[in-house]
Amino acid sequence: MNNTATQAKHDAEAANAAAQRIVRHFQSKGFTRITEALILHIRHIAGDRAEVDKAFEATHKQGRVPPLSMYFTIHPYAHYSEFRSFEEAKAALGNDFTLTLIYDIPQVFFDPAPVLGDDPLATGAKYDVIMKVWDNEEDCAIAILLNDPDASFVDYIGTHPGADWQKIMGDFKVASTSLNDAFTLE
């Protein structure tokens, strides 16, 4: 049991270090106002792609919240922030994960990497960008939420798909498949 706890602690540290490297990477590229990365595990639990897309599109047209918890589970996995703790970010996720980005979840889960979605109207602590930088593994998509006050960041990602991701992420990919967080976004 002690080995399991030690491994879980190591995996959590590797994942949080990856989140910090993501923030530092973009800061080094001139996006100094990016101060937070939240890494999510996304699992598909029901319906095929056509059904999920149809349900999300219908709610989008009606201006309603998509049926996220009917089709996916979302677990915050790792975090780095210069202004709040992981616990604070998890507690605020229901407010800070904008509808615009939630509507992108089917694309993030089902499409091959790289995938990028943005909410140009997000403000404050709300996440502006969701991205997937590698393909799903073990029926799990790894997505990264970022605060992006600079619109040019989306242009940078679009012109650098996959650039340096192995270096930036380090051993996070291995750690991400073994740690499971109990938080579910409803």
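Tutor: The expected span of a helix is 1.5 Å times one less than its number of residues, and a helix here is a DSSP run of H or I with at least four residues, just as a strand is a run of E with at least two, both numbered from the N terminus. This is a predicted model, in which local features need pLDDT of at least 70 and side-chain atom pairs count only at pLDDT 80 or more, while totals for chains, interfaces and linings use all residues. Residues are numbered from 1 along each chain as its sequence is written, and side-chain values use heavy atoms, with hydrogens and water left out.

Student: How many helices and strands does the protein have under that definition, and in what order do they run?

Tutor: There are nine helices and five strands, and from the N terminus on they follow one another as α-β-α-α-β-α-α-α-β-β-β-α-α-α.

Student: What does the span of helix 2 look like when it is set against the expected value?

Tutor: Helix 2 covers residues 49-61, which is 13 residues, and from its first C-alpha to its last it reaches 18 Å, close to the 18 Å expected at 1.5 Å a residue.

Student: Which residues of helix 2 are called buried, and how do you know on which side of the helix they lie?

Tutor: A residue is buried when its relative accessible area is under 20%, exposed when it is over 50% and partly exposed in between, with a 1.4 Å probe and protein chains only. In helix 2 the buried ones are Val-52, Ala-55, Phe-56 and Thr-59. They cover an arc of only 95° around the axis, taken from the directions from the helix axis to the C-beta atoms, and therefore lie on the same side of helix 2. As background, an α-helix has 3.6 residues a turn, so residues three or four places apart point the same way. The face of helix 2 turned away from its buried side carries the exposed residues Ala-50, Lys-54 and Lys-61.

Student: What makes Thr-59 count as buried, and what is in contact with it?

Tutor: Thr-59 has a relative accessibility of 5%, so it meets the condition for a buried residue. Contact means heavy atoms within 4.5 Å, and, leaving aside neighbours within four places in sequence, Thr-59 has contacts with Arg-64, Val-65, Pro-66, Pro-67 and Tyr-103. The buried residues of helix 2 pack against several elements, among them strand 1 (36-44), strand 2 (72-81) and helix 6 (105-110).

Student: Why are strand 2 and strand 3 called edge strands of the sheet?

Tutor: Two strands pair if DSSP finds at least two bridges between them, and the five strands form an open sheet in the order 2-1-5-4-3 with antiparallel pairing. Strand 2 and strand 3 each have a single partner strand, so one side of each is left without a neighbour in the sheet. Neighbouring strands are turned by 20° against each other on average, direction ignored, where axes are lines fitted to C-alpha atoms (for helices over the stretch in contact) and angles run from 0 to 180 degrees between N-to-C directions.

Student: How do you know that strand 4 is paired on both sides?

Tutor: Four bridges join strand 3 (residues 115-118) to strand 4, and three bridges join strand 4 to strand 5 (residues 140-146), so both pairs satisfy the requirement for pairing. Within strand 4, Met-131 stands opposite Leu-116 of strand 3 and opposite Ile-144 in strand 5. Val-129 and Met-131 point one way from strand 4, Ile-130 and Lys-132 point the other way, and all are buried.

Student: Is Asp-128, in the loop between strand 3 and strand 4, buried or exposed?

Tutor: With a relative accessible area of 7%, Asp-128 is buried. Asp-128 and Asp-148 are 20 residues apart in sequence, yet 5.2 Å apart in space, C-alpha to C-alpha.

Student: What makes the backbone at Glu-138, Asp-139 and Pro-114 worth a look?

Tutor: Most residues other than glycine have a negative phi, and most peptide bonds are trans. Glu-138, however, has a positive phi of about 50°, and Asp-139 has a phi near 60°. Glu-138 lies in the loop between strand 4 and strand 5, as does Asp-139. Their relative accessibilities are 58% for Glu-138 and 63% for Asp-139, so both count as exposed. The peptide bond from Ala-113 to Pro-114 is cis, with omega near 0°, and Pro-114 is located in the loop between helix 6 and strand 3.
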